[in-house]
Amino acid sequence: MIINEEKKEKVILVGVSRDDTDIDISLDELAELIKTAGGEVVGRITQNLDNFNNKTYVGSGKLEEIRYFIDTLEADAICCDDELSPVQMRNLNDMLNVKIMDRTMVILDIFAARAQTHEGKIQVELAQMQYRAAKLIGLGKQMSRTGGGIGTRGPGEKKLEIDRRRIHDRISLLKKELVEVVKHRDTARKSRQRNNKKVAAIVGYTNAGKSTLLNTLTGADILSEDKLFATLDPTTRVLNLSNNQEILLTDTVGFISKLPHNLIDAFKSTLEEAVYADIIIHVVDASDPEYDTKMKVVYDTLRSLKVENKPIITLFNKCDVLNHEEILVDNRADKTLRISAKTEYGLTEFKDILLDFMRNGKKLSEMFIPFSESGKLFELKKKYEITEEKYEEDGIHLMGYF
């Protein structure tokens, strides 16, 4: 549990607004993260700065305001909207005497709560340990604070006196375990390639409806909630299309603004499903007023993973709650489509689009197989889409995309 049942941790959000940021939108998302992690947001404080204060994140005058609100609101912690340096964390600890958290710490805590598989748990703990190693100086006093609050799940519940050497030993061990997991994933990937299985990776901003889409299309029965990072571990299911064609759909970890680098590194083997996929399915919450900004985050993350030259189908999800006259555009996609994963609106057309992509480079043509070579038919059906099959006196006549 992140919190005990009697009392939620009261948190004040702190954000720095720069020219390139919309601080209100960012803090709204941070508030959702705190809520998802089990905390309660009791206030928010912002400051306009050209750059973060290297020592305290915000300026000295704003620190006095934060201290006042901590006392007035009886807050247990503050959470900064950006990742803090060890010096910033240490100084804020010394000056405010409450738990100091940043966006990265909260995201890591949520990931720790969501990881179910062995691979997911290894990845999360590795990211947490790397975070702790980088913040060890700043966490000095905080590591001795009591309370099982936000930002302390997983490794945080172990001995708080863990020193740098032990952390790095643990990181080395986790990396070795992850190498074995990656080998298993690579073996599964090569097996799919040998069997000529096409793979579509479902990507998107967290809570866009990726899991709901996979559930509706394949009956995957994945947890699907209106929460950030409701699911974490990737799931692959078979989607049956027409003419006995199949494609593998793989759900991936939801993206988010300011996704911690440690998480990207730790989850690289999972996120690489998009790198090796044949098609990218980009799910967008079209009901979100900021959907365009979140689409940019997804594309920036894909670029950082070197996901390039892949056909992209953008699905504008949750269109059942939209005005159908509203214009939805993604100029970076090869195809766009309005859908509702919940009501199944547009999903038949989506399957047709997938089938067209699988036919790319192939032409509808005829093929003849003499009965003496009928053993080839099984392999042909695995490799190609057969639309018609006739048995004549001279042999087997096929029509399909070859």
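# Report on helix packing, cores and selected residues

Helix 1 passes helix 4 in a left-handed crossing, meaning that the near helix is turned anticlockwise from the far one by less than a right angle; a clockwise turn would be right-handed. The structure is a predicted model, in which local features need pLDDT of at least 70 and side-chain atom pairs count only at pLDDT 80 or more, while totals for chains, interfaces and linings use all residues. Residues are numbered from 1 along each chain as its sequence is written, and side-chain values use heavy atoms, with hydrogens and water left out.

## The chain as a whole

The protein chain contains 12 helices and 13 strands. These elements are DSSP runs numbered from the N terminus (helices: H or I, at least four residues; strands: E, at least two). Of the 402 residues in the protein chain, 51% are buried. Here buried means under 20% relative accessible area, exposed means over 50%, and partly exposed lies in between (1.4 Å probe, protein chains only). Among contacts in the chain with a separation of 6 or more, 68% join residues 24 or more positions apart. A contact requires heavy atoms within 4.5 Å.

## Three helix pairs

The table gives the axis distances and angles for three pairs. Axes are lines fitted to C-alpha atoms, for helices over the stretch in contact, and angles run from 0 to 180 degrees between N-to-C directions.

| Helix pair | Axis distance | Angle |
|---|---|---|
| Helix 1 (residues 23–37) and helix 4 (residues 103–114) | 9 Å apart | about 40° |
| Helix 2 (residues 60–73) and helix 3 (residues 86–96) | within 11 Å | roughly 55° |
| Helix 7 and helix 11 (residues 347–358) | within 12 Å | roughly 85° |

With its angle of about 40°, helix 1 is oblique to helix 4. Angles under 35 degrees count as roughly parallel, over 145 as roughly antiparallel, 65 to 115 as roughly perpendicular and the rest as oblique. On the helix 1 side, S26, E29, L30, L33, I34, T36 and A37 take part, and they meet R103, V106, I107, D109, I110 and R114 of helix 4. The residues of this contact divide into 7 nonpolar, 2 polar and 4 charged. In this scheme Ala, Val, Leu, Ile, Met, Phe, Trp, Tyr, Cys and Pro are nonpolar, Asp, Glu, Lys and Arg are charged, and the others, Gly among them, are polar.

Helix 2 and helix 3 cross at roughly 55°, which makes helix 2 oblique to helix 3. The crossing of helix 2 with helix 3 is right-handed. From helix 2, L63, I66, R67 and I70 meet L92, M95 and L96 in helix 3. This contact comprises 6 nonpolar residues, no polar residues and 1 charged residue.

Helix 7 and helix 11 cross at roughly 85°, so helix 7 is roughly perpendicular to helix 11. Here L213, T216 and L217 of helix 7 meet L347, F350 and K351 of helix 11. The participants are 4 nonpolar residues, 1 polar and 1 charged.

## Nonpolar cores

In soluble globular proteins, nonpolar side chains tend to be buried together. A nonpolar core is a set of buried Ala, Val, Leu, Ile, Met, Phe, Trp, Tyr and Cys residues joined through side-chain atoms within 4.5 Å. The largest core has 78 residues, and L33, I66, I78, L96, I280 and L302 touch the most other members. Leaving aside residues up to four places away in sequence, L96 touches L63, I66, R67, I70 and I78. A second, separate core of 25 residues includes L213, I313, F350 and M358.

## Selected residues

Most residues other than glycine have a negative phi. N207, however, has a positive phi of about 70°. N207 lies in the loop between strand 5 (198–204) and helix 7 (210–218), and with a relative accessible area of 23% N207 is partly exposed. N309 likewise has a positive phi, near 55°. The loop that holds N309 runs between helix 10 (291–304) and strand 9 (312–317), and N309 is exposed, with a relative accessible area of 80%.

G120, in helix 5 (residues 118–135), is buried, with a relative accessible area of 1%. The C-alpha atoms of G120 and L178 are separated by 9.7 Å, although the two residues are 58 residues apart along the chain.

H397 belongs to strand 13 (residues 395–401) and is partly exposed, at 27% relative accessible area. From H397 to F368 the C-alpha distance is 4.8 Å, across 29 residues of sequence. Not counting residues up to four places away in sequence, H397 touches M367, F368, E388, E389, K390 and E392.
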